[in-house]
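Grab a coffee and open the viewer. Here are a few exercises to work through, each followed by a solution.

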Amino acid sequence: MTLYAVLTRSAVAFPAKPAIYFREHTIGYAQLAGLVNRTIHALKSDGIRAGKSVALLLPNCPQFVVSYYSSTALGAMCVPVNPLLKAHELSYIWGDCKADIIITIAPCLQNALDALEMMGNNIPILIVGEPVEGQRNFDSWISEFPTTPPTLDSVDPDSPAVCIYTSGTTGRPKGALLSHNNLIINCEQVRQALHLDERDNFLCVLPLFHSFAGTVCQNTPIHAGATITILEQFQPNRVLEAVAKYQTTVFAGVPAMFGALLQYGSTTPHDFSSVRISVSGGAPMPVALMSQFEATFNTTIIEGDGPTECSPVTSVNPVDGIRKPGTVGLPIPGCEVKIFDDNDNELATEEIGEIVVRGKNVMLGYLNQPEETAKAMTSGWYHTGDIGKIDADGYISILDRKKDMLLVGGFNVYPREIEEVLYAHPAVKDAAVIGAPDKMRGEEVVAVISLKPDATATNREIISYCREQLANYKVPRRVIFRDELPRGGTGKILKRLLRKELDMEGNGE
């Protein structure tokens, strides 16, 4: 089965049911399928077919969904990228995937044109929304074509459907190739794990270019015949307004979003009662934040995990049964998760090592990078780069990224453990722990924190607080205060930028 077949099946089963709420518009399933059909006809007229690449440089909007499903229906590869990327970043990605057409919005046009100039390429551009003189308008363009189902060549479900570029924290971004089967199987796994069906209404405020939103907030609801309420960007007041107005039942977010909602909702009346399940992923959820949010919003947060390379969901705490805060739950049905040592030997219960994954949701490989693919897929398991352990009940705990682990005086130190302590401090809003070179100890622990509004704390106070709860070698030797910590498009704290700042300070720059 292909992604297009999944959409068609839901459109046949629920033709009049709302598929998408966006701004003041309601798009039913039959209407959505018609828009996708129009776009397939239009893309075919531009020569898009199997082996081609369609680049999406879009914020959250219905045209993102339409473009995603229409391009993959043709056997082409959909390549969604972050609209905040700079021209040089875009030029690398579009050159690597050999983009054949770009679908974007007016505010991103100049960046796109600059990227094409760097590439020395003249790729066709389509503009969604506000028309731009001299550029084709996406909505006007597809309106010239019929809504009738197109004649399609057979598409192999195991062929690449989507190429999602990783953040590139260790170098150039890598394009993870996800097949139709990878993505559809992950939808089935997520539905089974979270008990999702056509009665649900998913609030989609996570960026659709990211695999978390792509699977959990877009593909899974379409697979279920459920509704997607799309917001263009995260603003706490707009999220809470949308929950109340559209009676959304599923809210998926990263911890930073839960933190911002907590800060806003603690002093503002809200109605979160329609939400039956809140899903957290994309970054570790501090246990203190989880408990505060649940108490304020009278909801349960289900924490899960998974890398882009796994479509992305690999584990989640059960909706029914034992939920263990601080863990990312149990492997989802059909997905195997183990802990390996550096020689790819399986470790015993509670032993710490690298988290590895095997299942039909695991990617085909990295685009144009066979060596990186082979390195990631050693022994037939995808090596996540996460350090963790599995307890006697099978629950997975992520202690840190392998590259983030610190070595202090010969002891392994996992920043996540220290960050949990920092987040429990009443004055701390955000926290990140990084390492700095130390001649005597190898590395020293550095805490970078931002404080809650009107809160105060001193370096000495934070260090004393940590000393009460952590072994001495884990206690931060330095505390750096920032108004805000840098975050990427998915809400993750960008530790590489903090390390860079630290390096610059150390070099006297």
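**Exercise 1: A helix and the sheet**

Helix H3 (residues 62-73) lies across strands S1 (18-22), S2 and S11 (227-230), and runs at about 140° to S1. Keep in mind that this is a predicted model.

Task: Work out the strand order of the open sheet of 9 strands, and find which strands stand at the edges.

Solution. Start by tracing the sheet across: the order is S2-S1-S11-S10-S12-S13-S14-S15-S16, with mixed pairing. Next, look at the two ends. S2 (25-28) and S16 (330-331) each have a single partner strand, so one side of each is left without a neighbour in the sheet. Finally, zoom in on the S16 end. S15 (residues 315-316) pairs with S16 in the antiparallel sense over 2 bridges, and there valine 316 stands opposite leucine 330.

**Exercise 2: A loop residue**

Task: Place glutamate 198 in the fold and list what it touches beyond four places in sequence.

Solution. First, locate it: glutamate 198 is in the loop between helix H7 (180-194) and strand S10 (201-204). Then check accessibility. The value is 31%, and since partly exposed covers the range between 20% and 50%, glutamate 198 counts as partly exposed. Last, pull up the contacts, leaving out residues up to four places away in sequence: Phe14, Lys17, Ala224, Gly225 and Ala226.

**Exercise 3: Cysteines**

Task: How many disulfides does a search of the whole structure find?

Solution. The search gives 0. Take cysteine 204: the nearest cysteine sulfur belongs to cysteine 217 and is 4.5 Å away, while a disulfide needs the sulfurs within 2.5 Å. Now try cysteine 310, where the nearest cysteine sulfur, on cysteine 335, is 6.2 Å away. Cysteine 204 is buried, at 0% relative accessible area, and cysteine 310 is buried at 0% too.

**Exercise 4: Rings and charges**

Task: Sort two of the 12 aromatic pairs into stacked or tilted.

Solution. Begin with tyrosine 68 and tyrosine 69. Their ring centres are 5.4 Å apart and the planes meet at 50°, so this pair is tilted; both residues are buried. Move on to phenylalanine 293 and phenylalanine 297: at 4.3 Å centre to centre and 20° between planes, they are stacked. These two are 4 residues apart in helix H11 (residues 287-297), about one helical turn. They also belong to one aromatic cluster with Phe251, Phe258 and Phe272.

To wrap up, look for charges over rings. Arginine 136 lies over the face of tryptophan 141, 5.1 Å from the ring centre, and the charged end of lysine 174 sits over tyrosine 366, 5.2 Å from its ring centre.

Conventions:
Residues numbered from 1 in each chain as written. Predicted model: local features only at pLDDT ≥ 70, side-chain atom pairs only at ≥ 80, totals over all residues. Heavy atoms only, no water. Pairing = 2+ DSSP bridges. Contact = heavy atoms within 4.5 Å. Axes fitted to C-alpha atoms, helices over the stretch in contact; angles between N-to-C directions. Buried < 20%, exposed > 50% of the residue type's maximum accessible area, 1.4 Å probe, protein only. Phe/Tyr/Trp six-rings, centres within 6.5 Å; stacked < 30°, edge-to-face > 60°. Lys NZ or Arg CZ within 6 Å of the ring centre and 35° of its normal.
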